Amino acid sequence: MTETDYARKLDELDQLLNDPDLPMEPDRAWSLLAEISQRDLALSGADGGTA
């Protein structure tokens, strides 16, 4: 996942969780969290867990 994709997914998640005008989409929120966490876990494993 590129940095641009990562930032886009974080922004989308932020909107889903914090924008009162958007309907809550739990499936989409969990999907975004899974994708974001996979990237974060891969990065923390790549540098010995110091990220």
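Which residues make up the largest nonpolar core here? Keep in mind that this is a predicted model. The core has six residues, namely Tyr6, Leu13, Leu16, Ala29, Leu32 and Ile36. Two elements each give two or more residues to this core: α1 (3-18) and α2 (26-46).

Now step back to the whole chain. Its secondary structure comes to two helices and zero strands. Of the 51 residues in the protein chain, 16% are buried. The accessible surface comes to about 3800 Å², and carbon and sulfur atoms account for 56% of that.

Let's zoom in on a few residues. Leu13, one of the core residues, touches Ala29, Leu32, Leu33 and Ile36, if you skip residues up to four places away in sequence.

Next up are Lys9 and Leu22. Lys9 sits in helix α1, while Leu22 is found in the loop between α1 and α2. Here's how the two look side by side:

| Residue | Relative accessible area | Contacts beyond four places in sequence |
|---|---|---|
| Lys9 | 10% | Met1, Leu32, Glu35 and Ile36 |
| Leu22 | 36% | Gln15 and Leu16 |

Why does Lys9 count as buried? Its relative accessibility is 10%, and buried means under 20%, so Lys9 makes the cut. Leu22, at 36%, is partly exposed, because that value falls between the 20% cut-off for buried and the 50% cut-off for exposed.

The contacts tie back to the core, too. Lys9 is in contact with Leu32 and Ile36, among others, and both of these are core residues. Leu22 is in contact with Leu16, which is also on the core list.

Technical notes:
Residues are numbered from 1 along each chain as its sequence is written. This is a predicted model: local features need pLDDT of at least 70, side-chain atom pairs count only at pLDDT 80 or more; totals for chains, interfaces and linings use all residues. Side-chain values use heavy atoms; hydrogens and water are left out. A nonpolar core is a set of buried Ala, Val, Leu, Ile, Met, Phe, Trp, Tyr and Cys residues joined through side-chain atoms within 4.5 Å. Buried means under 20% relative accessible area, exposed over 50%, partly exposed in between (1.4 Å probe, protein chains only). Helices (H or I, at least four residues) and strands (E, at least two) are DSSP runs, numbered from the N terminus. Contact means heavy atoms within 4.5 Å. Accessible areas come from the Shrake-Rupley method with a 1.4 Å probe; for residues, only the protein chains shown count as cover.
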